[in-house]
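Here are some short exercises to work through with the model open beside you. Try each task before reading its solution.

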Amino acid sequence: IIFTSGGSEYFALPLDSVSRLEPVQASNIHFTGKETYIEHGAEAVILYQMDEFLPASRCDISEEVFVLFPKQIRGSAGIIASTIVDTVETDEPLSRDMACPDPVLGKLFLDNRMIQVLDPANFFPRIEKRAADKRK
(Lines give C-alpha, C1' and ligand atoms only; values in the text may rest on other atoms or scores of the structure.)
Protein backbone atom coordinates (compact mmCIF):
# COMPACT_ATOMS: atom_id res chain seq x y z
CA ILE A 1 0.00 0.00 0.00
CA ILE A 2 1.45 3.36 -1.07
CA PHE A 3 0.67 6.46 0.99
CA THR A 4 1.88 10.01 1.44
CA SER A 5 2.93 11.92 4.51
CA GLY A 6 2.40 15.65 4.32
CA GLY A 7 4.15 16.87 1.21
CA SER A 8 5.32 14.78 -1.68
CA GLU A 9 7.04 11.98 0.23
CA TYR A 10 5.75 8.56 -0.70
CA PHE A 11 5.98 5.54 1.57
CA ALA A 12 4.89 1.93 1.17
CA LEU A 13 4.13 -0.94 3.48
CA PRO A 14 3.36 -4.51 2.47
CA LEU A 15 -0.42 -4.79 2.41
CA ASP A 16 -0.29 -7.92 4.57
CA SER A 17 1.36 -5.90 7.37
CA VAL A 18 -1.65 -3.58 7.72
CA SER A 19 -4.73 -4.87 9.55
CA ARG A 20 -6.99 -1.89 8.85
CA LEU A 21 -7.03 1.35 6.93
CA GLU A 22 -9.58 3.97 7.90
CA PRO A 23 -10.40 7.54 6.90
CA VAL A 24 -10.60 9.86 9.91
CA GLN A 25 -12.20 13.31 9.97
CA ALA A 26 -10.28 16.09 11.74
CA SER A 27 -13.16 16.47 14.20
CA ASN A 28 -12.47 12.91 15.42
CA ILE A 29 -8.80 13.57 16.21
CA HIS A 30 -7.95 14.44 19.81
CA PHE A 31 -4.84 15.96 21.34
CA THR A 32 -3.18 15.60 24.72
CA GLY A 33 -0.07 17.75 24.80
CA LYS A 34 2.01 16.62 21.82
CA GLU A 35 0.18 13.30 21.52
CA THR A 36 -2.54 12.60 18.97
CA TYR A 37 -5.38 10.11 19.43
CA ILE A 38 -8.56 8.81 17.90
CA GLU A 39 -11.27 6.74 19.47
CA HIS A 40 -11.66 3.37 17.84
CA GLY A 41 -13.89 0.65 19.24
CA ALA A 42 -14.29 2.54 22.56
CA GLU A 43 -10.51 2.59 22.90
CA ALA A 44 -7.97 5.43 22.68
CA VAL A 45 -5.57 4.79 19.80
CA ILE A 46 -2.35 6.79 19.76
CA LEU A 47 -1.35 8.07 16.32
CA TYR A 48 2.11 8.70 14.94
CA GLN A 49 3.27 10.71 11.96
CA MET A 50 6.08 9.59 9.69
CA ASP A 51 8.22 12.61 10.64
CA GLU A 52 8.49 11.17 14.16
CA PHE A 53 10.60 8.33 12.73
CA LEU A 54 11.97 9.45 9.35
CA PRO A 55 12.77 12.63 7.44
CA ALA A 56 9.26 13.50 6.21
CA SER A 57 6.74 16.32 6.21
CA ARG A 58 3.98 16.39 8.81
CA CYS A 59 0.44 15.64 7.70
CA ASP A 60 -2.08 18.45 7.78
CA ILE A 61 -4.62 17.04 10.19
CA SER A 62 -7.05 19.92 9.82
CA GLU A 63 -8.89 17.85 7.21
CA GLU A 64 -9.50 14.16 6.55
CA VAL A 65 -6.51 11.86 6.96
CA PHE A 66 -6.11 8.10 6.88
CA VAL A 67 -4.93 5.84 9.66
CA LEU A 68 -3.04 2.64 8.94
CA PHE A 69 -3.26 0.07 11.72
CA PRO A 70 -0.19 -2.20 11.69
CA LYS A 71 -0.82 -5.90 12.36
CA GLN A 72 2.35 -6.62 14.30
CA ILE A 73 1.95 -3.89 16.93
CA ARG A 74 0.77 -4.92 20.37
CA GLY A 75 -1.59 -2.33 21.76
CA SER A 76 -3.43 0.40 20.00
CA ALA A 77 -1.38 2.52 17.64
CA GLY A 78 -1.81 3.86 14.14
CA ILE A 79 0.14 5.71 11.46
CA ILE A 80 -1.30 8.90 9.98
CA ALA A 81 -1.22 9.20 6.19
CA SER A 82 -2.24 12.25 4.16
CA THR A 83 -3.47 10.21 1.23
CA ILE A 84 -3.64 6.62 0.11
CA VAL A 85 -2.17 6.51 -3.36
CA ASP A 86 -2.62 2.91 -4.47
CA THR A 87 -1.92 -0.72 -3.83
CA VAL A 88 0.47 -2.31 -6.28
CA GLU A 89 2.27 -5.54 -6.90
CA THR A 90 5.60 -5.10 -8.60
CA ASP A 91 8.81 -6.91 -9.39
CA GLU A 92 10.72 -3.64 -9.64
CA PRO A 93 14.00 -3.85 -7.71
CA LEU A 94 14.52 -1.82 -4.57
CA SER A 95 17.39 0.64 -4.54
CA ARG A 96 19.23 0.95 -1.22
CA ASP A 97 21.73 3.75 -0.79
CA MET A 98 23.73 5.28 2.04
CA ALA A 99 20.91 7.72 2.79
CA CYS A 100 18.33 5.00 3.53
CA PRO A 101 17.45 5.10 7.22
CA ASP A 102 17.16 1.75 9.03
CA PRO A 103 13.34 1.42 8.82
CA VAL A 104 13.52 1.75 5.02
CA LEU A 105 14.17 -1.42 3.01
CA GLY A 106 14.92 0.66 -0.06
CA LYS A 107 13.55 3.03 -2.63
CA LEU A 108 11.31 2.07 -5.50
CA PHE A 109 10.62 4.19 -8.57
CA LEU A 110 7.10 3.88 -9.99
CA ASP A 111 5.08 6.33 -12.10
CA ASN A 112 7.62 9.14 -11.64
CA ARG A 113 7.50 8.75 -7.86
CA MET A 114 10.24 7.75 -5.47
CA ILE A 115 8.63 5.48 -2.89
CA GLN A 116 10.41 4.58 0.33
CA VAL A 117 9.47 0.98 1.13
CA LEU A 118 9.29 0.49 4.88
CA ASP A 119 10.53 -2.62 6.63
CA PRO A 120 7.74 -3.69 9.03
CA ALA A 121 10.19 -5.81 11.07
CA ASN A 122 12.28 -2.69 11.74
CA PHE A 123 9.66 0.07 11.66
CA PHE A 124 6.85 -1.41 13.79
CA PRO A 125 9.09 -2.13 16.83
CA ARG A 126 10.05 1.57 16.79
CA ILE A 127 6.38 2.49 17.07
CA GLU A 128 5.91 0.01 19.91
CA LYS A 129 8.95 1.37 21.74
CA ARG A 130 7.75 4.96 21.35
CA ALA A 131 4.31 4.00 22.71
CA ALA A 132 5.88 2.08 25.62
CA ASP A 133 8.17 5.02 26.47
CA LYS A 134 5.14 7.32 26.65
CA ARG A 135 3.42 4.97 29.10
CA LYS A 136 6.34 5.19 31.57
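**Exercise 1. Find where I61 is located, decide whether it is buried or exposed, and list what it touches.**

Step 1. I61 is found in the loop between β6 (43-48) and β7 (65-70); helices (H or I, at least four residues) and strands (E, at least two) are DSSP runs, numbered from the N terminus. This is a predicted model, in which local features need pLDDT of at least 70 and side-chain atom pairs count only at pLDDT 80 or more, while totals for chains, interfaces and linings use all residues. Residues are numbered from 1 along each chain as its sequence is written, and side-chain values use heavy atoms, with hydrogens and water left out.

Step 2. The relative accessibility of I61 is 17%, so I61 counts as buried. The cut-offs are under 20% relative accessible area for buried, over 50% for exposed, and partly exposed in between (1.4 Å probe, protein chains only).

Step 3. Leaving aside residues up to four places away in sequence, I61 touches A26, I29, F31, T36, Q49 and I80. Contact here means heavy atoms within 4.5 Å.

Step 4. Now check a pair separated in sequence: I61 and G6 are 55 residues apart along the chain, and their C-alpha atoms are 9.3 Å apart in space.

**Exercise 2. Compare the surroundings of E35 and E22.**

Step 1. Place E35 in strand β5 (residues 35-40) and E22 in strand β3 (residues 18-24).

Step 2. Look for polar contacts, meaning a pair of N or O atoms within 3.5 Å; within protein, one must be able to donate a hydrogen and the other to accept it, and residues adjacent in sequence count only if both atoms are side-chain atoms. The E35 side chain makes one with the side chain of Y37 (2.6 Å). For E22, the side-chain partner is R20 (3.4 Å).

Step 3. List the neighbours beyond four places in sequence. E35 touches H30, I46 and K134, and E22 touches H40, V65, F66, V67 and F69.

Step 4. Take V67 from the E22 list: the two residues are 45 apart in sequence, yet 5.3 Å apart in space, C-alpha to C-alpha. With a relative accessible area of 24%, E22 is partly exposed.

**Exercise 3. What do the phi angles of D111 and N112 show?**

Step 1. Start with the background: most residues other than glycine have a negative phi.

Step 2. D111 has a positive phi of about 50 degrees although it is not a glycine. N112, also not a glycine, has a positive phi of about 65 degrees.

Step 3. D111 lies in the loop between β10 (104-110) and β11 (113-118), and N112 lies in the loop between β10 and β11 too.

Step 4. D111 counts as exposed at 68% relative accessibility, and N112 counts as exposed at 86%.

**Exercise 4. Describe the whole protein: how many helices and strands does it have, and what are its overall dimensions?**

Step 1. Count one helix and eleven strands. In sequence order the pattern is β-β-β-β-β-β-β-β-β-β-β-α.

Step 2. The radius of gyration is 14 Å, close to the 14 Å that the globule rule gives for 136 residues, so the protein is as compact as a globular protein of that length. This radius is taken over C-alpha atoms, and the rule is 2.2 Å times the number of residues to the power 0.38.

Step 3. Along its principal axes, the C-alpha trace spans about 40 × 30 × 25 Å.

Step 4. Finish with burial: 43% of the 136 residues are buried.
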